[in-house]
Amino acid sequence: MAEPIRDGSLGLPDEFDDQLIVSQIVSGQKDLFRLLVRQHEKAVYGMGISFFRNQEDASDFTQEVFLKTYRSLSRFEGRSRFSTWLYKIAYNTALNEVNRRKEYLSLAEDEADKLLNDSESPERLTLRNAASEAVRLAIKELPERFRVCVDLYFFYDRSYQEIEAITGIPVNTIKSHVFRAKIILREKLQDLERSVV
């Protein structure tokens, strides 16, 4: 049996074992759930921003996702990574809400601008801004319902299999749309390069 995790003496690395934490929570150490929240809150919130485009709704969404996760924790079987299981809950929660409200907007449409570093030279900022715009345009040219696949692949670093587990979209379809996004992005960046030279 695994030794209980004690908060005061947590010598856990940044990438602690989610499955160990889950097993401890299910065994009765409910207060350890905050470790899972701390580890994954930023990613879930980012998904909320992708879907809802404002901080208040993204915060509400994040709380709802973690509440659903907490209530369902005993059903986590460990057949996938915990983060994949969590993102599936988040994705389904967001999709249900978006279907009631509005279309999905890609994370690239906002997040790329936040990556700009004000300390860079004006030339470097111009190039980076243009590259960000190319990413936005590439994703906008994809069918709306597949943009989330590209976001999960590029911005959340999820594998094709994880994206399938999260969205229910077949792996070959996901590969096709990621490939299409890469081609569009390459073309946009080549156009940018020609215009700069």
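In which sense, left-handed or right-handed, does α1 pass α2? The crossing of α1 past α2 is left-handed. This pair opens a walk through a predicted model. The overall plan comes first, then the helix pairs, then single residues.

The protein chain holds 9 helices and 0 strands. Read from the N terminus, its elements run α-α-α-α-α-α-α-α-α. The chain has 197 residues, and buried residues make up 41% of them. Take the contacts between residues at least 6 apart in sequence: 61% of these join residues at least 24 apart.

Now return to the opening pair. Helix α1 covers residues 18-26, and helix α2 covers residues 33-52. Their axes come within 9 Å and cross at roughly 150°. That angle makes α1 roughly antiparallel to α2, because angles over 145 degrees count as roughly antiparallel. On the α1 side, the contact is made by D18, I21, V22 and I25. On the α2 side, F33, L35, L36, Q39 and H40 take part. By class, the residues of this contact divide into 6 nonpolar, 2 polar and 1 charged.

Helix α2 also packs on α3. Here the axes lie 8 Å apart, at an angle of about 135°. That makes α2 oblique to α3. What is the hand of the crossing where α2 passes α3? It is right-handed. From α2, the residues that meet α3 are F33, L36, V37, H40, E41, V44, Y45, M47, G48, I49 and F52. Across from them in α3 stand Q55, D57, A58, S59, F61, T62, V65, F66, T69 and Y70. The residues of this contact divide into 13 nonpolar, 6 polar and 2 charged. F33, L36 and H40 of α2 are among the residues that meet α3. These three also belong to the contact with α1.

Further along the chain, α7 and α8 form another pair. Their axes are 10 Å apart, and the packing angle is about 135°. The two helices are therefore oblique to each other. α7 passes α8 in a right-handed crossing. V148, C149, L152 and Y153 of α7 make the contact with Y160, I163, I166 and T167 of α8. This contact has 7 nonpolar residues, 1 polar residue and no charged residues.

Next, the nonpolar core. The largest one has 36 residues. Which of them have the most contacts inside it? They are L36, M47, F51, F61, L73 and F82. Several helices feed this core: α1, α2, α3 (55-72), α4 (82-101), α7 (147-154), α8 and α9 (171-196) each supply at least two residues. L36 has already appeared in the α1 and α2 contact. M47 and F61 have appeared where α2 meets α3.

Two residues of α4 deserve a closer look. A90 is found in helix α4. Is A90 buried or exposed? A90 is buried, with a relative accessible area of 0%. Beyond residues up to four places away in sequence, A90 touches M47, F61 and V65. A90 and A43 are 47 residues apart in sequence, yet 9.9 Å apart in space, C-alpha to C-alpha.

W85 lies in helix α4 as well. At 18% relative accessibility, W85 counts as buried, because the cut-off for buried is under 20%. With neighbours within four places in sequence left aside, W85 is in contact with T69, S72, L73, F76 and S80. W85 and I166 are 81 residues apart in sequence. In space they are 7.1 Å apart, C-alpha to C-alpha. I166 is one of the α8 residues in the contact with α7.

Finally, look at α8 and the loop before it. E162 is placed in helix α8, residues 160-167. At 11% relative accessibility, E162 counts as buried. Its contacts, apart from neighbours within four places in sequence, are R81, T84 and D157.

D157 lies in the loop between α7 and α8. Here the burial reads the other way: D157 counts as exposed, at 64% relative accessibility. What is the sign of phi at D157? Phi is positive, about 55°, although D157 is not a glycine.

Key: Residues are numbered from 1 along each chain as its sequence is written. This is a predicted model: local features need pLDDT of at least 70, side-chain atom pairs count only at pLDDT 80 or more; totals for chains, interfaces and linings use all residues. Side-chain values use heavy atoms; hydrogens and water are left out. Helices (H or I, at least four residues) and strands (E, at least two) are DSSP runs, numbered from the N terminus. Buried means under 20% relative accessible area, exposed over 50%, partly exposed in between (1.4 Å probe, protein chains only). Contact means heavy atoms within 4.5 Å. Axes are lines fitted to C-alpha atoms, for helices over the stretch in contact, and angles run from 0 to 180 degrees between N-to-C directions. Angles under 35 degrees count as roughly parallel, over 145 as roughly antiparallel, 65 to 115 as roughly perpendicular and the rest as oblique. A crossing is left-handed if the near helix is turned anticlockwise from the far one by less than a right angle, and right-handed if clockwise. Ala, Val, Leu, Ile, Met, Phe, Trp, Tyr, Cys and Pro count as nonpolar, Asp, Glu, Lys and Arg as charged, and the others, Gly among them, as polar. A nonpolar core is a set of buried Ala, Val, Leu, Ile, Met, Phe, Trp, Tyr and Cys residues joined through side-chain atoms within 4.5 Å.
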